[in-house]
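Please go through the model below with the sequence at hand. The paragraphs that follow take up loops, helices and aromatic side chains in turn.

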Amino acid sequence: MSANRQQRSTLFQKCTNLKALKQVHASMVVHGFNSNPSALGELIFAIAMSISGTIGYAHKLFDQITEPNTFMWNTMIRGSAQSLRPLNAVVLYTRMKNWGSRSDDFTFPFVLKACNKLCWVRMGMGIHGKVVRYGFESNASVRNTLIDFHAKCGDLRVATALFDGLARRDVVAWSALTAGYARRGKLDAARLLFDEMPVKDLVSWNVMITGYTKQGEMESARKLFDEVPRRDVVTWNAMIAGYVCCGCVEQALQMFEEMTSLGEKPDEVTMLSLLSACADVGELEIGERIHSSLLEMGSGEISIIHGNALIDMYSKCGSIERALEVFQGMREKDVSSWNSVIGGLAFHGHAEESVNLFEEMRRLKVRPDGITFVGVLVACSHAGKVEDGRGYFILMRNKYKIESNIKHYGCMVDLLGRAGLLDEAFDSIENMEMQPNAIVWRTLLGACKVHGNVELGRRANERLLEIRGDESGDFVLLSNIYASRGEWHGAEEVRKLMDDSGVKKEAGFSMVEADGNALKHFLMDSKSKLNR
């Protein structure tokens, strides 16, 4: 039996995709192994744990097993906890209890990890109670998972109490508690723990580096990064993602170049951060290289999350055609996929294509969300489709029960303002269900300039000054409205108000790129003095 089990393990290790595992499953049914608990356990483990994205098939198979053993329950709970739907792990645990199967020291860590991902504090506390009841609190794996749970979303005092016992001897416990303090923004306490660690493994270094990057403390993160004895892809990813989040895109791309030059292979997380960086700075060429790398990594297939990131990157880099190619080539799409391409088309002026794609989305019964309607309303605004825009706004609220937010109202103000319906735009702002922000009033002010409506422009500017009175652009815009109507006294009064308020207009500048270097050439400020 032991030898046969080993042979089957080798067989399952050779299965690299769901199709191969289905073939093995079919063979087991034909040869009578479908009722063998050992064989079924290995099949469940292979489907739930070994291959990404196959947990759904594992659930279907598991539901057909009449008497699952504890190993099968634990495997399914573990796979579900690691999936995109950790709630299923909790559901399985509840079923397991109702079934009468006894939980063991493997069950609780998997359920706690699901509670951690869901931030279900009360459920996690209940599991802790079960751990104490069954006498598993002294088990190192269970205790470390409890420390991790309490450190990240439970009670930090409980995590510290658990740690102060036997856990101080365990590097995993040190890392878990350090990560908890770092995640809650208590970097000083996290660093104190890190410095006190008797042994620092790579996980500990990565936890501390990630803690600094998530708080935007890139200098401290870089210092630790330079000191770490050994790096893995997680270390590099933390730094790259940190630079991207802080807006230091050039440093992120340089870090990637350094990573690859040292022979470290990027993973899908690396690629996601880099695509975001390319989108932020318009680096189409590097984005295309990342696209090629993703195709190689996925054997020609691209996941939904990377497909969405590629669409966003190509759209922001001005290549809407490539964005459409990616969208059309995706086997599976979610609402974010549709949103990315609908919004991309809208912002590039392809209003008809954007609206048509939205109608295709509805025809395929894909439920839109609030972001979808922002893209559609932008498309209607750019195309001057006032009636269509009104209709979609009503459709969003009445049929899909989506509550309109400030962005939706901003789109409607822009739509009405572009069409010259300034009074209606003003009324829609006044009747908004939330406090209008400066962007909404500024949108109306811009429309007033285009259509030369001095009175509404003045009223919009008054509202802007109530929100924020230090934006030079708002003063200049109103002054220009007066000037465009030949009301020079009004224009001068606005300029005087600007000077009296101490608001300075920033010097304008142009930027060009030459030999890979960005050069700034400053022009004139509002006082007509040349900045050199």
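Cys119 is partly exposed in this predicted model, with a relative accessible area of 43%. Cys119 belongs to the loop between H7 and helix H8 (121–134). Its phi is near 60 degrees, which is a positive value in a residue other than glycine. Most residues other than glycine have a negative phi. Another residue with a positive phi is Lys401, where the angle is near 55 degrees and the residue again is not a glycine. Lys401 sits in the loop between H24 and helix H25 (406–418). With a relative accessible area of 65%, Lys401 counts as exposed, because the cut-off for that class is over 50%.

The overall make-up of the protein gives these loops their setting. The secondary structure comes to 30 helices and two strands. Of the 532 residues in the protein, 44% are buried. Among contacts with a separation of 6 or more, 56% are between residues 24 or more positions apart.

Ser103 is a loop residue too, placed between helix H6 (87–99) and helix H7 (107–118). Is Ser103 buried or exposed? Its relative accessibility is 10%, so Ser103 counts as buried. Leaving out residues up to four places away in sequence, Ser103 touches Tyr93, Met96, Phe108 and Phe136. Tyr93, Phe108 and Phe136 also belong, together with Tyr134, to one aromatic cluster.

How do two packed helices get described? The terms are the angle between their axes and the distance between the axes. For helix H11 (residues 171–183) and helix H13 (residues 202–214), the axes come within 9 Å and cross at roughly 5 degrees. Angles under 35 degrees count as roughly parallel, and H11 and H13 are therefore roughly parallel to each other. On the H11 side, the contact is made by Val171, Ser175, Thr178, Ala179 and Ala182. On the H13 side, the residues are Val203, Ser204, Val207, Met208 and Gly211. Sorted by class, the contact of H11 with H13 has six nonpolar residues, four polar ones and no charged ones.

Aromatic side chains are the next topic. How many aromatic pairs does a search of the whole structure find? The search finds 16. One pair consists of Phe225 and Trp236, whose ring centres are 5.0 Å apart. Their planes are at 75 degrees, so the pair is edge-to-face. Phe225 lies in helix H14 (residues 218–227) and Trp236 in helix H15 (residues 233–245), so the pair ties together parts that are eleven residues apart in sequence. Phe225 is buried, at a relative accessible area of 0%, and Trp236 is buried as well, at 2%.

Phe358 and Tyr392 also form an aromatic pair. With 5.4 Å centre to centre and 90 degrees between the planes, this pair is edge-to-face. Phe358 is in helix H22 (residues 351–363) and Tyr392 is in helix H24 (residues 386–398), so the parts tied together here are 34 residues apart in sequence. Phe358 counts as buried at 0% relative accessibility. Tyr392 has a relative accessible area of 10% and is likewise buried.

Some aromatic rings have a charged side chain over them. The charged end of Arg231 sits over the ring of Phe225, 4.0 Å from its centre. Phe225 is thus a residue to look at twice, as its ring also pairs with that of Trp236. Elsewhere, Lys333 lies over the face of Phe327, at 5.0 Å from the ring centre.

The last residue to look at is Arg322, found in helix H20 (residues 320–329). At 25% relative accessibility, Arg322 counts as partly exposed. Which residues are in contact with Arg322, leaving aside its neighbours within four places in sequence? They are Glu288, His291 and Tyr314. Arg322 and Leu310 are twelve residues apart in sequence, and their C-alpha atoms are 8.9 Å apart in space.

Note on methods. Residues numbered from 1 in each chain as written. Predicted model: local features only at pLDDT ≥ 70, side-chain atom pairs only at ≥ 80, totals over all residues. Heavy atoms only, no water. Axes fitted to C-alpha atoms, helices over the stretch in contact; angles between N-to-C directions. Helix = DSSP H or I, 4+ residues; strand = E, 2+ residues; numbered from the N terminus. Parallel < 35°, antiparallel > 145°, perpendicular 65-115°, else oblique. Contact = heavy atoms within 4.5 Å. Nonpolar A, V, L, I, M, F, W, Y, C, P; charged D, E, K, R; others polar. Phe/Tyr/Trp six-rings, centres within 6.5 Å; stacked < 30°, edge-to-face > 60°. Buried < 20%, exposed > 50% of the residue type's maximum accessible area, 1.4 Å probe, protein only. Lys NZ or Arg CZ within 6 Å of the ring centre and 35° of its normal.
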